[in-house]
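Here are my notes on the model you sent over. I've kept them as numbered points so you can go through them with the structure open.

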Amino acid sequence: ATPTALTVATSRLSRSGILVRRAHVLDTLPRVSRIVFDKTGTLTKGEVAVSSVALLAELSESDVLALAAALEAQSEHPIARAFAPYRQQGLMVTERENRVGRGVSGLIDGHRWRLGSGAWLAPDNQDAELCVYLANERGLVARVVLTDPLREEADTLIRDCRAKGIATTILTGDSSGQAEQVAERLGVDKLVKHASPDDKLAYLRRCGRAGEICLMVGDGINDAPVLAGAHVSFAMAGGTDIAKNSADALLLSDNLQHILTARHIAARCRRVIK
Ligand code: ADP
Ligand code: MG
């Protein structure tokens, strides 16, 4: 009866929008005691848009946005999408660098430009909102405030987790006040911000040593090591390929609520097997 129950559960999961990539998912899901969420692109839609630009040097807003768009042209980070509408022809970028968890940089007209987090480019600034800075060798050129709406189902999901006694964490590379706002607004139990991919992994290991079974949900390149290292992990279907390849299961419709659906189906399957 065992293989049949597994087959039935797996096909029920796929009908509910969950693609199981590794068989242990069904076994681990019912025992999960904490769900750990990446923020950008996971709890938020990752539909990042420019909200306003503060100019800090003698450059126009359209120049700032065009430079940012050129620097982001090959980035897979959700923040890069905010600048796509401002791409202009003729801005050549060479010696591109993608700094995971920080931003991007490149040479334009012989000058080194950087676009990225306040923690990287303006460490003295405290940012209450999601934003990035544009800088060149001479210093900061602009601060760009961004918006990234929460997923509609995030509220209900966190409430349902609480009702089921599952703890929740936001584990993010972002260091802005937006991380606190999201954590407070949703009522998430724990916030770990300004976390590098290594910090993210270290956090999960600490939870594991404390006897917790963690489910990690993420979408980005920077999430790949934690997705691979978690007891069980889900990647957003709209995420990067490396995140999807590192995760144990995929949320095909990017609907976070399906995590609890999956847990429910897995728990029923386990009862049948036992
Ligand atoms: P998260 O864990 O929330 O997905 P990351 O670790 O990917 O965040 O990035 C942390 C921060 O680094 C971002 O909030 C942003 O400020 C900056 N950053 C990372 N990648 C980029 C990029 N391609 N362009 C601009 N900023 C970036
Ligand atoms: Mg992310």
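1. Start with the company that ligand 1 keeps: the shell around it splits into 5 nonpolar, 11 polar and 5 charged residues. For that split, Ala, Val, Leu, Ile, Met, Phe, Trp, Tyr, Cys and Pro count as nonpolar, Asp, Glu, Lys and Arg as charged, and the others, Gly among them, as polar. There are 21 residues around ligand 1, and the closest are Thr40, His77, Ser117, Gly173 and Asp174. A residue is near the ligand here if its C-beta atom, placed from the backbone, lies within 6 Å of it.

2. A word on ground rules: this is a predicted model, where local features need pLDDT of at least 70, side-chain atom pairs count only at pLDDT 80 or more, and totals for chains, interfaces and linings use all residues. Residues are numbered from 1 along each chain as its sequence is written, while chains are lettered from A and ligands numbered from 1 in the order in which they are written.

3. How confident is the predictor? The protein chain has a mean pLDDT of 93, with 98% of its residues at 70 or more; pLDDT is the predictor's confidence in each residue, from 0 to 100. For the complex, the predictor gives an ipTM of 0.97 and a pTM of 0.91.

4. Now the domains. The assignment gives domain 1 (2-45 + 150-273) and domain 2 (49-147), with bounds that come from an automatic or database domain assignment. Their C-alpha centres lie 30 Å apart. Across the boundary, 15 residues of domain 1 are in contact with 13 residues of domain 2, contact being C-beta atoms, placed from the backbone, within 7 Å. On the domain 1 side, the touching residues are 2 nonpolar, 12 polar and 1 charged.

5. Back to ligand 1 for a moment: its shell takes at least three residues from each of domain 1 and domain 2. Helix H3 (39-43), helix H5 (78-83), strand E5 (103-108) and strand E6 (111-116) each give at least two residues to the shell. Helices (H or I, at least four residues) and strands (E, at least two) are DSSP runs, numbered from the N terminus.

6. Which residues have the most contacts inside the largest nonpolar core? They are Leu215, Met216 and Phe234, in a core of 49 residues. A core is a set of buried Ala, Val, Leu, Ile, Met, Phe, Trp, Tyr and Cys residues joined through C-beta atoms within 7 Å. Helix H12 (residues 258-273) provides the largest share of this core, 5 residues. Apart from this core lies another, of 26 residues, among them Leu65, Leu130, Leu134 and Val144.

7. Have a look at Ile259, in helix H12. Ile259 counts as buried because 24 C-beta neighbours fall inside 10 Å; the cut-offs are 20 or more other C-beta atoms within 10 Å for buried, 12 or fewer for exposed, and partly exposed in between. Leaving aside neighbours within four places in sequence, Ile259 is in contact with Ile35, Val217 and Phe234.

8. Last, two backbone oddities. Most residues other than glycine have a negative phi. Asp109, in the loop between E5 and E6, has a positive phi of about 55°. Asp254, in the loop between strand E13 (249-251) and H12, has a positive phi near 60°. Are they buried or exposed? Asp109 is exposed, with 9 other C-beta atoms within 10 Å, whereas Asp254 is buried, with 20.

Key:
Two residues are in contact if their C-beta atoms, placed from the backbone, lie within 7 Å.
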